[in-house]
Amino acid sequence: MGGASGRLTAWPPLAKWPAASPTNCASRSTIERQVAAADRVITALNDFARLPIPQLEPVGVDTCLREVLEINAPPPGVELDLFVNPPDLCVLGDRTQLAIVFANLVRNARDAMPEGGRLRVTAVGEGELVAISFEDSGVGIPPDVLPHILEPLYSTKAKGIGLGLSIAHDIVRRHHGTLTVTSQLGKGSTFTVRLNACDRSS
Ligand SMILES: Nc1ncnc2c1ncn2[C@@H]1O[C@H](COP(=O)(O)OP(=O)(O)O)[C@@H](O)[C@H]1O
Ligand SMILES: [Mg+2]
């Protein structure tokens, strides 16, 4: 991370900008904000392009979700439920990459509930699959926005980069899984990841 920041902030025209004066300080801070935003996009695209082939191993779903929820804890106004059944549910996946998928879904749910609400994370066995759902009670997704949310660089947020879901979708596809979404405007959204369960006989 951060590989692009040095290059952009040391960009010669910006470094040579004259010392702050009443006339140029507003423009300078605008440029610096734009550079910081471009830097975030470049860094995220770099990370996306370098995603390695998933290293599959048995991943305990409960532990993985708890770790992600601890690092990306929803704010106090968001009530959190975690339900994993059976508790030893296990998927075949790349632990690091699955954590990226879950973290993106948790962060999006958090963003969708600026006034607080409820995030319900559920993992259940479905035969040879495990379904992991993130259900929020947030703003929901308008029908005209829904078809675009998996597209790279598509965001409806003022400071959004629009890569979280496309990265999540790409990782899930590389695991031969699926990512689906249902949403009701003003009521909330549910994102569900389906992955192959571990072969318990092996
Ligand atoms: N849980 C959610 N509730 C409402 N809208 C969502 C949710 N998750 C994703 N979205 C929509 O999908 C868009 C793309 O999400 P994402 O790829 O993570 O990019 P970003 O979070 O940077 O905007 C968001 O800008 C938002 O419009
Ligand atoms: Mg996001």
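A residue counts as buried when its relative accessible area is under 20%. By that cut-off, buried residues make up 36% of the 202 residues in this chain. Please keep in mind as you look around that this is a predicted model. The tour below starts with the fold, moves on to the ligand, and ends with some backbone details.

**Fold**

- The chain is built from six helices and seven strands.
- Reading from the N terminus, the order of elements is α-α-α-β-α-β-β-α-β-β-α-β-β.

**Where ligand 1 sits**

- Ligand 1 is found in the largest pocket.
- Three elements each give two or more residues to the shell around ligand 1: α5 (95–111), α6 (164–174) and β7 (188–196).
- By residue type, that shell divides into nine nonpolar, eight polar and two charged residues.
- There are 19 residues around ligand 1, and those that come nearest are Asn108, Ser155, Thr156, Lys157 and Gly162.

**Polar contacts to ligand 1**

- The side chain of Asn108 places an N or O atom 2.8 Å from an oxygen atom of ligand 1.
- For Ser155, a polar side-chain atom is 2.6 Å from an oxygen atom of the ligand.
- Thr156 also has a polar side-chain atom by an oxygen atom of ligand 1, here at 2.5 Å.
- On its own, ligand 1 has 530 Å² of accessible area, and the protein covers 92% of it.

**Backbone details worth a look**

- Most peptide bonds are trans, and most residues other than glycine have a negative phi. The residues below depart from one or other of these habits.
- Asn85 and Pro86 are joined by a cis peptide bond, with omega at about -5°. Pro86 belongs to the loop between β2 (78–85) and β3 (90–93).
- Leu153 is not a glycine, yet its phi is positive, at about 65°. You will find Leu153 in the loop that runs between β5 (129–136) and α6. Its relative accessibility is 48%, so Leu153 counts as partly exposed.
- His176 likewise has a positive phi without being a glycine, with a value of about 60°. This histidine, His176, lies in the loop between α6 and β6 (178–184). Exposed means over 50% relative accessible area, and His176 qualifies because its value is 67%.

Technical notes:
Residues are numbered from 1 along each chain as its sequence is written. Chains are lettered from A and ligands numbered from 1 in the order in which they are written. This is a predicted model: local features need pLDDT of at least 70, side-chain atom pairs count only at pLDDT 80 or more; totals for chains, interfaces and linings use all residues. Side-chain values use heavy atoms; hydrogens and water are left out. A residue is near a molecule or strand if one of its heavy atoms lies within 4 Å of it. A polar contact is a pair of N or O atoms within 3.5 Å; within protein, one must be able to donate a hydrogen and the other to accept it, and residues adjacent in sequence count only if both atoms are side-chain atoms. Accessible areas come from the Shrake-Rupley method with a 1.4 Å probe; for residues, only the protein chains shown count as cover. On a 1 Å grid over the protein atoms alone, a cavity is a set of points where a 1.4 Å probe fits but cannot get out, and a pocket is an open set with protein on both sides within 12 Å along at least five of seven lines; lining residues have an atom within 4 Å of a point. A molecule sits in a cavity or pocket if more than half of its atoms lie within 2 Å of its grid points. Helices (H or I, at least four residues) and strands (E, at least two) are DSSP runs, numbered from the N terminus. Ala, Val, Leu, Ile, Met, Phe, Trp, Tyr, Cys and Pro count as nonpolar, Asp, Glu, Lys and Arg as charged, and the others, Gly among them, as polar. Buried means under 20% relative accessible area, exposed over 50%, partly exposed in between (1.4 Å probe, protein chains only).
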